[in-house]
Amino acid sequence: LPTRAGSSLEPEERSMEPPAVPEEEMPLTAASGPAGRQLFGYVGIEAVLDQMKIKTMKTGFEFNIMVVGQSGLGKSTMVNTLFKSKVSRKASQPGQEERIPKTVQLQSITHVIEEKGVKMKLTVTDTPGFGDQINNENCWDPIIKYINEQYERYLREEILITRKRKIPDTRVHGCVYFVPPTGHWLRPLDLEFMRRLSKIVNVVPVIAKADTLTLEERAEFKQRIQEDLKTHAISVYPQEDFDQDPDDRVLNDRIREKIPFAVVGADQEHQVNGKRVLGRKTKWGIIEVENPAHCEFPLLRDLLIR
């Protein structure tokens, strides 16, 4: 048989040599060179992470969250609990001008929150009037229109030849939908809203004011909601399409088992065992918001922020 030039047919001599390592398996380092000589020494690739951190710390982060649900489900209290500050304004005694609007309105409030040197520009969009009317037909249309307008505004800035150095990001990153704690099943309004909105934004359903349900009612209600979402092919965040590797899939499956989160919001602190904790005081005890044994608020906070 014809052989390539330079090759030998002596297996006895070749068998004593170590097997050749494939080129793609050989580790490539900047310090290694031919015959063990150092070519460059220290390059500094690891400093890229420090540069990225310094740059992002200077510019800060942007987070736009939308809260949707009927009046009286604790949306403003939940947002204030999430960020531990008076982010969303709440009317304790609504006046004539603060009563339920006749149509769905959208109100955005922007704050700059700083924690240990990290700045975040937080925008909270509330939807007063959603689900509060006798006829709630097409009450989701203003919300869909608003979300799509923010996408189009960002795209218009992005396709310009002379773009801004930092494009203002007003896109809605996440929508927290508050389900009333009925203990039975999802209403047609809830199903229709999540079916339409889950196609254009990350929807995270939560059971509002979950302290009104017993543990058995809460577990049964969550199971029925999960069945309704599966029956109507509603994909909530985190979607299965974005599971990039097995580790992501395991983590997201663990989150999907808990959705919808049964949450309790509180903006007042109480004394429990010598410590100040956020909670709701009742005649029979204090419901601690940040205690996983009492409610699933810590899971929601980890999903949205951490």
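A salt bridge is taken here as a side-chain nitrogen of Lys or Arg within 4 Å of a carboxyl oxygen of Asp or Glu. By this rule, the count in the predicted model comes to 12 salt bridges. Side chains of opposite charge can pair when their charged atoms come close. Three of the pairs are described first.

R187 pairs with D190 in a salt bridge, with the closest N and O atoms 2.8 Å apart. The two partners differ in exposure class. D190 has a relative accessibility of 1% and therefore counts as buried. R187, at 23% relative accessibility, counts as partly exposed. The cut-off matters for this assignment, because buried means under 20% relative accessible area.

The side chains of R171 and D169 also meet in a salt bridge, at 2.9 Å from N to O. D169 counts as buried, because its relative accessibility is 12%. R171 has a relative accessible area of 25%, so R171 is partly exposed. In this pair, as in the previous one, the acidic residue is buried and the arginine is partly exposed.

The third pair lies within a helix. R256 forms a salt bridge with D253, and the closest N and O atoms are 2.9 Å apart. Both residues belong to helix α7. They stand three residues apart, about one turn of the helix. Here the arginine is the buried partner, because R256 has a relative accessible area of 18%. D253, at 33% relative accessibility, counts as partly exposed. Elsewhere, salt bridges that share partners join E192, R195 and R196 into one network.

Helix α7 also holds L251. L251 has a relative accessible area of 44% and is therefore partly exposed. The C-alpha atoms of L251 and P238 are separated by 9.9 Å. Along the chain, these two residues are 13 residues apart.

P238 is itself a point of interest in the backbone. Most residues other than glycine have a negative phi, and most peptide bonds are trans. The peptide bond from Y237 to P238 is cis, with omega near 0°. P238 sits in the loop between α6 (215-231) and α7 (246-258). A cis peptide bond also runs from I259 to P260, again with omega near 0°. P260 is placed in the loop between α7 and β6 (261-262). Helix α7 thus borders the loop of P238 and the loop of P260.

Positive phi values appear at K209 and N273, neither of which is a glycine. For K209, phi is about 50°. K209 lies in the loop between β5 (203-207) and α6. This residue is partly exposed, because its relative accessible area is 38%. For N273, phi is about 55°. N273 is found in the loop between β7 (269-272) and β8 (275-282). N273 counts as exposed, because its relative accessibility is 76% and the class begins over 50%.

Open space in the model was examined next. Rolling a probe the size of a water molecule over the atoms shows where empty space is left. The second largest pocket has a volume of about 430 Å³. Its lining consists of 13 residues. Of these, L82, F83, E115, M120 and I305 lie nearest the centre of the pocket. Three elements each supply at least two lining residues: α3 (75-83), β2 (107-115) and β3 (118-126). The strand β2 gives the most, with three residues. By class, the lining of this pocket divides into seven nonpolar and six charged residues. No polar residues take part in the lining.

Nonpolar side chains also gather on the surface. V43, I45, V48, L49 and M52 form a nonpolar patch there. Together, these residues have about 520 Å² of accessible area. One of them, L49, is placed in helix α2 (residues 47-59). L49 counts as exposed, because its relative accessibility is 61%.

Note on methods
Residues are numbered from 1 along each chain as its sequence is written. This is a predicted model: local features need pLDDT of at least 70, side-chain atom pairs count only at pLDDT 80 or more; totals for chains, interfaces and linings use all residues. Side-chain values use heavy atoms; hydrogens and water are left out. Patches are made of residues with over 30% relative accessible area and no salt bridge: like charges are joined within 9 Å, nonpolar side chains (Val, Leu, Ile, Met, Phe, Trp, Tyr) within 5 Å. Accessible areas come from the Shrake-Rupley method with a 1.4 Å probe; for residues, only the protein chains shown count as cover. Helices (H or I, at least four residues) and strands (E, at least two) are DSSP runs, numbered from the N terminus. Buried means under 20% relative accessible area, exposed over 50%, partly exposed in between (1.4 Å probe, protein chains only). On a 1 Å grid over the protein atoms alone, a cavity is a set of points where a 1.4 Å probe fits but cannot get out, and a pocket is an open set with protein on both sides within 12 Å along at least five of seven lines; lining residues have an atom within 4 Å of a point. Grid points are joined across faces, edges and corners, and a volume is the space filled by probe spheres set on the points. Ala, Val, Leu, Ile, Met, Phe, Trp, Tyr, Cys and Pro count as nonpolar, Asp, Glu, Lys and Arg as charged, and the others, Gly among them, as polar.
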